[in-house]
Amino acid sequence: MIIIVGVVKSLDTDGGIIIHVDYTSPANAASAFYESIIIDFPLKVLQLFESLLESRKLAFLQGNGYILFTFYKKVYAKNEIKSMKQEINQQDEPQSRIFASNNHQKQSGLIEIPDSFSVDIHTILPLVKKPGRYLGGELNTVNKQWDLVELRFCFVFPDLYEIGMSHQGLQILYHIINREDRFLAQRCYAPDMDMETELRKADLPLFALESRRPLSAFDVLGFTLPYELCYTNILTVLDLAGLPLRACERDERHPLVIGGGSCGLNPEPVADFFDAIVLGDGEEVIIELGDCLIAAKKRGLGKKETRQRLARIDGVYVPSFFKPIYKGGAFSGMQCLEPGYDRVHRRILPELPETTVLAKPIVPIVKPVHDRLGIEIARGCTRGCRFCQAGMIYRPVRERNVEDILQLAEQGIAASGFDELALLSLSTGDYSCLPEVLIRLMNQFVDEYVSVSMPSMRVGTLTREIIEQIKRVRKTGFTVAPEAGTDRLREVINKGITEEDLLFTCRDAFGAGWNLIKFYFMIGLPTETEKDVDAIVELAKKARAQAGGKGRVQINVSVAAFIPKPHTPFQWHEQLSLEEAKARLNRLKKMLPRKGFKLKWHDAHTSFLEGVFSRGDRRLSRLIETAWRAGVRLDGWSEHFRLENWQRAADQCGIDMEMYLRARTIDEPLPWDHLDCGVDKEFLQQEWQRAMEKIYTPDCRIHGCQQCGLCDFKTIFPVVCKQDFVPTITIASGKKEEREETPFRYEIHYSRLGDSRFYGHLEMLQLVFRVLRRAGLPVLFSKGYNPSPRVSFSQALPVGVESLVEHFSVDLDRPLSDLEAVLAALNHEFPETIRVTAVELVGKKEQVDQEITYEMMLPVVNETDTRNRLTAFLQSDEYVIERIRKRKRRTLDIRPLVRSLCVRENLLEIVLINHHDKAGVSPFEILEKVIGLTTVQARSIRIKKTAVRALQTDG
C-alpha cells in the first residue's frame with residue numbers, strides 16, 4: 001500500500017491505494033489525511049501515521065512537493081515499485097516529486113528523502129533576530145554534490161553561531177573531511193530560542209547550513225563538546241532533527257551521533273545520548289571513523305556490530321559498552337560489557353596538522369565572539385598548573401615552525417580579508433620562537449593594517465619587545481592571569497610566577513601606552529584563606545600603581561569560582577558551596593575601590609552547575625533531559641540561565657546536585673577512571689601531594705621529563721620549535737604614510753537580493769571591508785590607535801528588505817585604471833546575492849534628504865478595507881505612531897514622511913521621505929500602522945527598494 005499524504009487530488013484503488021496529492025504543509029497534510037481517508041485504513045496504519053506526526057517526520061519534506069509513506073501489505077518486486085512510481089509521476093503536476101522506496105536504511109524505514117530536498121526557511125527567517133545565523137553561504141564553505149560521496153557528516157556545535165564560528169576545532173575537521181572524495185561535511189549550530197519556536201510552529205526540522213538538508217538525512221552527526229553548559233542544547237538539536245534523544249532508542253535508520261572535544265574526557269552526564277565519543281585529537285581518527293562506517297554501511301551491519309567496529313579504533317569510546325555500578329547511592333565503578341575494552345585511551349596527534357588544512361578559513365556572516373583569523377601555533381602546555389585540565393589533556397607540547405605560521409597567516413588573510421590574526425595556544429607566550437614570528441608577522445602585515453593578538457599570554461613571557469610589536473597596528477587586548485592573590489597560593493597551584501613578575505609586566509604595558517589591563521583570578525583554590533582573597537584586591541592596587549599616576553588607567557579584575565576538573569591533580573578537592581562562593585565574591589565587591597577598578601565575576605550559580613556536570617556520572621542524563629523538557633535552553637547565556645530551573649528538575653529526579661561538589665578520597669572510583677587522558681593517575685596523585693607541600697614542578701620542555709607517563713619518545717614526545725632567531729632582523733618603521741592630498745573617492749553601486757536581505761547593517765559593513773581587502777583595493781585608513789577603512793555607507797537597509805539601489809563610497813590612495821576589472825573583482829568576492837552594478841569616481845558629497853521607493857506584494861486582504869485605510873491616511877494632516885526606543889516610549893508623526901501610497905491589484909508602492917538628520921519611518925511600520933497588518937504578516941512580505949532620488953534643499 002502506498003500513501004502520499006497531503007491535499008487529496010485523486011484516488012486510485014487498483015492494487016493497493018495510491019493517493020495523488022498537492023502537499024503544502026504538515027498541518028494541511030494531517031487535515032487531509034484525517035478528513036478524507038481515515039475510514040479506509042486499518043488501525044495499525046493509523047497508529048503508525050499518528051506516531052509519525054508526533055515525531056514530526058512530516059516536516060522533512062515541507063514545501064517540496066510531495067511526501068510519501070510506504071506501508072507494505074505484501075513485498076513488491078523492484079519492477080512493481082518502479083511501475084507505481086512511473087504511474088504516479090505521470091499525473092498532471094509537472095513540478096511534483098513522488099518517491100517510493102523499499103530501502104529500510106532510510107529515516108524511519110518509511111521515508112525516502114529526495115537528493116534535491118532542502119528545508120525552506122524563508123517564511124520564518126523574517127520572524128527571528130539575526131537571521132544571518134541560519135543562511136549559510138559563508139566564504140570558503142564547501143557544498144559537495146550529495147550523491148557523489150559515500151558518507152555524509154554534519155558537524156554540530158551545540159551553541160549559537162557566534163560561539164561556534166569561533167571554534168577552530170570544528171573548522172579543522174570540516175576541511176579535513178571535505179578534501180576527501182568519499183566524504184562530505186556540513187555544519188549546524190544550535191538555534192536561538194526564537195528560531196527553535198518558529199521551526200516547531202512550522203513543523204520544520206533543523207538543517208545543515210550548506211545545503212539546508214535535514215540533519216536526519218546525514219550518516220553522522222558529529223557534536224563538539226566544548227563546555228558543560230551546552231548539554232541541553234544537544235537535546236534541542238536532536239529533537240529538532242526528529243531523532244530520539246537516547247542512543248538506545250536509535251537504530252540503523254538514524255544517523256550515528258558522535259561527540260568529541262574537551263568535555264569528552266568525562267562525557268558521562270551525556271554519554272547516554274551518544275553512540276560514540278572521540279577522546280583527544282580528531283584529525284586522524286575522523287578519517288578512520290569514516291572509513292569504518294563506509295565499510296559497515298556496505299556490509300549492512302547492525303547498530304551493535306557497527307559500534308563494535310568503532311570501539312576497535314584507538315581513541316573511540318562507545319558508552320553502551322560500559323555500565324556504571326552504584327552501591328548505596330554512590331558510584332562504585334564501571335563494568336565493561338565488551339571483552340578487552342575496559343579502558344579507552346586518548347588519541348594523540350604526533351604533530352600539528354599541515355598548513356593546507358586551513359588554507360581557506362570559513363569567514364562568518366554574523367560577527368562571532370572572536371572575529372579574526374586564528375592560527376594555532378602550538379598545542380598542549382606542560383607548565384603544569386595543577387588546576388588546569390587543558391594542561392593535562394592536551395599534552396604533549398607540539399609547536400608549529402615559524403615558516404608554517406607565516407604561510408598560514410599569508411594564505412589565511414588573503415583568503416578571508418580578516419584585519420586581525422590571533423596566535424592561538426594554551427600559553428602563547430611560551431612558544432619558543434615567539435619574538436621571531438611576531439616581528440616577521442608585523443613586518444609583513446603592518447602596511448595592510450592587520451593586527452596581531454595573543455589571547456593567552458603568561459606573565460613573565462611578555463617582554464618589552466613583544467609589547468612594542470603588538471601595538472604597531474592597533475592595541476589589542478592586554479590580559480594576564482595571576483589566578484591567585486598571593487605568592488604562597490601560586491606555589492600551591494604551580495603557577496610559577498611571582499608578584500614581582502606581575503608588577504614588572506604591568507609597568508611595561510603602561511609604559512607602552514596601554515591604559516587598561518585585565519586580570520583573571522580564581523576563588524576557592526585548595527588551601528585558600530581569607531588573606532588570599534583579600535590579596536586579590538591588594539595586588540590589583542599595586543598593579544595600577546605601576547602607571548606612576550600618569551593618565552587614566554584601569555584594572556579590570558575578573559573572578560570565577562575554582563572547579564576541580566577531572567584528570568587534574570586537584571580532581572579530588574572539593575568545590576566551594578554556592579553560599580561560600582557568593583560570600584567571597586561579595587567580600588571582593590566591598591573591598592575593591594570603584595575609581596580605576598572594575599570587578600567582573602563569573603556567576604556563582606553557573607560555576608555550581610559547571611562543577612556538577614564536570615564531575616558527574618550517568619545519572620545526570622536524566623536530570624539533563626528533565627530540565628530540557630521543562631524548557632531549559634542556552635545555559636551559557638546569562639539571560640537564559642536560571643539555576644532554580646535545574647534545582648526543580650533535580651528534585652523531580654531525586655538527585656542531590658551538591659553531592660557532586662564534595663571532596664573525593666584518593667582511592668575511591670571516579671566516573672572517568674575508565675577514560676585515559678595519557679597522564680598517569682599516580683602522577684596526578686604525586687602532584688596533589690606536592691601542592692600541599694608547595695613544591696614546584698618545572699616545565700618538561702626546559703627542565704627535562706617529569707615522568708607524567710604520557711610520552712613514549714618514539715611516536716609521542718614534545719615537538720619544540722628550533723630557536724634560530726637573529727636579533728638583527730630588520731623591524732619595519734611602522735604603518736605607511738597616508739597621502740596628504742585629497743584622496744580618490746569612488747562610489748560603488750550594488751544590489752542586495754535573495755538571502756542577502758537578511759544581513760544586518762553591521763554585518764554588511766564587515767562584509768564590505770573584507771571584500772575590499774580581498775579584492776586588493778588600495779583603501780585608506782583612519783588614523784589613531786584603532787585604524788579602520790575609510791568607507792561610508794548609504795542609509796541602513798531594514799533587515800528583510802531587498803534593494804536594487806544600494807551604494808557605499810570608499811577613499812583610495814590612488815586612482816583605479818580599469819573600472820571594469822575592479823567591478824569584476826568585487827563581484828567575484830561578494831556573495832552571488834550581492835551584485836556590484838557600477839564603480840565611479842566621485843567628489844565629496846554632502847548629505848541630503850532622499851525620496852525612497854519600495855515595492856511589495858500584499859497578502860490576500862480585504863481590498864476595500866485596505867483602500868479605505870490608505871485613503872484615510874493620505875487625507876490626514878498628521879498620523880502619530882508610538883515607538884519604544886531604549887525602553888523609552890516616543891511618538892513620531894509619520895504623515896510628512898510618506899510621499900505617496902499606491903495600490904495596483906496586490907502590488908503596493910510606497911514612496912518615503914528620509915531626512916538625513918531626523919528619525920524616519922520603515923516600510924514595515926507602514927504595513928503595520930497604516931494598513932493594519934500584524935507584525936508577523938508585515939515581516940513575511942517580500943519588500944524591494946527600487947529607487948532613490950535626492951531631494952533639492954531650499955536655497
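The following paragraphs lead through the cavities of this predicted model, a pair of crossing helices and two points of backbone geometry.

Within the model there are 9 cavities of 30 Å³ or more, and the largest of these has a volume of about 70 Å³. The lining of this largest cavity draws on residues from separate parts of the sequence numbering, with T382, R383, G384, M392 and R395 among them, as well as N494 and a further set that comprises F683, E687, T697, P698, C700 and Q706. By class, this lining divides into 4 nonpolar, 5 polar and 3 charged residues.

One of the lining residues, R395, also takes part in a feature of the backbone, since the peptide bond that leads from R395 to P396 is cis, with omega near -5°. P396 itself belongs to the loop between α10 (390–393) and β16 (398–399). A second backbone feature is found at R212, a residue other than glycine whose phi is positive, near 60°; R212 lies in the loop that runs between α6 (193–201) and β7 (220–224). As background to both features, most residues other than glycine have a negative phi, and most peptide bonds are trans.

Turning to the helices, the axes of α23 (residues 761–775) and α24 (residues 819–829) come within 9 Å and cross at roughly 125°, which means that α23 is oblique to α24. The crossing in which α23 passes α24 is right-handed. On the α23 side the contact is made by V771, L772, R774 and A775, and on the α24 side by A825, L826 and E829; sorted by class, the contact has 5 nonpolar and 2 charged residues, and no polar ones.

How values were computed
Residues numbered from 1 in each chain as written. Predicted model: local features only at pLDDT ≥ 70, side-chain atom pairs only at ≥ 80, totals over all residues. Heavy atoms only, no water. 1 Å grid on protein atoms, 1.4 Å probe; cavity = no way out; pocket = protein on both sides within 12 Å on 5 of 7 lines; lining within 4 Å. Points joined across faces, edges and corners; volume = space filled by probe spheres on them. Nonpolar A, V, L, I, M, F, W, Y, C, P; charged D, E, K, R; others polar. Axes fitted to C-alpha atoms, helices over the stretch in contact; angles between N-to-C directions. Helix = DSSP H or I, 4+ residues; strand = E, 2+ residues; numbered from the N terminus. Parallel < 35°, antiparallel > 145°, perpendicular 65-115°, else oblique. Left-handed = near helix turned anticlockwise from the far one by under 90°. Contact = heavy atoms within 4.5 Å.
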